[in-house]
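Biologist: Could you take me on a close tour of one helix and the parts of the fold around it? I would like to see how the pieces fit together, residue by residue.

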Amino acid sequence: MKLFHGSKEIIEFPKILPSSTSSDFGNGFYTTPEYVQALRWMHVAARNRAAGFISIFNFTLQDAVDVGLQVKMFSAPDEDFVRFVFKCHTDANWEHGYDIVLGPLPDDCGYQDFNRFESGAFGEKELIKRLSKRDFAHQCLFHTAKALKLLEFVGFRKIRHLW
């Protein structure tokens, strides 16, 4: 599958980056199979610049399985997903033990729901109910150096900002 990473620079050799507690799946290198989502990330990362870049990679999930990497896949914003993301959001030092994590990427309203949940405004069941009504992009975190070795850089696109 093709994966994209939006940034202020070309990323030919991805690195594991430390996370803030706003990262859904923890430390690592975030990609998406959705070009439009990579554009969104690029616009945030490259704000105040004349251009940004979409780095493009090939990746095969079966290769990760074949070499014995630990892969966590979330197909929907269920209890497991909410608890995992909550732990990542609230404890930047938490180590989940997966090499690769794939799953939903909440839209802005979904992030607002998470923030309200984390502040105690409502419980887990209400958060899941709200998230189930949201649109999601998809994200894929490469959490370890072993996982990064499976990403094959195939090129990039330079995107000029139209201010």
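Modeller: Happy to! One term comes up at once: a residue is called buried when its relative accessible area is under 20%. Please also keep in mind that this is a predicted model.

Let's make helix α5 our part. Which residues of α5 are buried? They are Glu-124, Leu-127, Ile-128 and Leu-131. Looking down the axis of α5, you would find these buried residues within an arc of 100°, so they line one face of the helix. That set of residues packs against three elements: helix α3, helix α4 (108-118) and strand β6 (136-142).

Take α3 to begin with. This helix spans residues 79-90, while α5 covers residues 124-131, and their axes come within 10 Å and cross at roughly 105°. Angles from 65 to 115 degrees count as roughly perpendicular, so that is the relation of α3 to α5. On the α3 side the contact is made by Glu-79, Val-82 and Arg-83, and on the α5 side by Glu-124, Leu-127, Ile-128 and Leu-131. Sorted by class, this contact between α3 and α5 has four nonpolar and three charged residues, with no polar ones.

Now turn to α4. How do α4 and α5 pack? Their axes lie 10 Å apart, at an angle of about 175°. An angle over 145 degrees counts as roughly antiparallel, and α4 and α5 are therefore roughly antiparallel to each other. From α4, the residues that meet α5 are Gly-110, Asp-113, Phe-114, Arg-116 and Phe-117; from α5, they are Glu-124, Leu-127, Arg-130 and Leu-131. By class, the contact of α4 with α5 has four nonpolar, four charged and one polar residue.

The third partner, β6, leads us into a sheet. Four strands make up this open sheet, in the order β2-β6-β5-β4, with mixed pairing. At its edges are β2 (29-31) and β4 (71-73), each of which pairs on one side only. On average, neighbouring strands here are turned by 25° against each other, if direction is ignored. As a general point, strands of a sheet pair through backbone hydrogen bonds, in either a parallel or an antiparallel way. In this sheet, β4 and β5 (residues 100-106) pair in the parallel sense, over three bridges. For Val-71, the bridge partner in β5 is Ile-100.

From here we can step across to another helix, α1, by way of Gln-37. This residue is found in α1. Is Gln-37 buried or exposed? Its relative accessibility is 8%, and because buried means under 20%, Gln-37 counts as buried. Setting aside neighbours within four places in sequence, Gln-37 is in contact with Thr-32, Leu-105 and Ala-137. Gln-37 and Gln-139 are 102 residues apart in sequence, yet their C-alpha atoms are 8.9 Å apart in space.

Gln-37 has company in α1, where Ala-38 and Met-42 are buried as well. Around the helix axis these residues cover an arc of only 145°, which puts them on the same side of α1. Among the elements that cover the buried residues of α1 are β1, β3, β5, β6 and β7.

Several of those strands belong to a second sheet. It is open, has three strands in the order β1-β3-β7, and its pairing is antiparallel. The edge strands are β1 and β7 (152-160), each pairing on one side only. Its neighbouring strands are turned by 20° against each other on average, direction ignored. Helix α1 (residues 35-45) packs on this sheet and touches β1, β3 and β7, and its direction makes about 20° with that of β1.

How many bridges join the strands here? Six join β1 to β3 (residues 51-58), and eight join β3 to β7. Within the β1 and β3 pair, Gly-6 has Ile-54 of β3 as its bridge partner. On the other side, Phe-53 stands opposite Lys-158 in β7. Finally, β1 (residues 2-7) is mostly covered, as five of its six residues are buried.

Notes:
Residues are numbered from 1 along each chain as its sequence is written. This is a predicted model: local features need pLDDT of at least 70, side-chain atom pairs count only at pLDDT 80 or more; totals for chains, interfaces and linings use all residues. Side-chain values use heavy atoms; hydrogens and water are left out. Buried means under 20% relative accessible area, exposed over 50%, partly exposed in between (1.4 Å probe, protein chains only). Helices (H or I, at least four residues) and strands (E, at least two) are DSSP runs, numbered from the N terminus. Two strands pair if DSSP finds at least two bridges between them. Axes are lines fitted to C-alpha atoms, for helices over the stretch in contact, and angles run from 0 to 180 degrees between N-to-C directions. Angles under 35 degrees count as roughly parallel, over 145 as roughly antiparallel, 65 to 115 as roughly perpendicular and the rest as oblique. Contact means heavy atoms within 4.5 Å. Ala, Val, Leu, Ile, Met, Phe, Trp, Tyr, Cys and Pro count as nonpolar, Asp, Glu, Lys and Arg as charged, and the others, Gly among them, as polar. The arc is that of the directions from the helix axis to the C-beta atoms.
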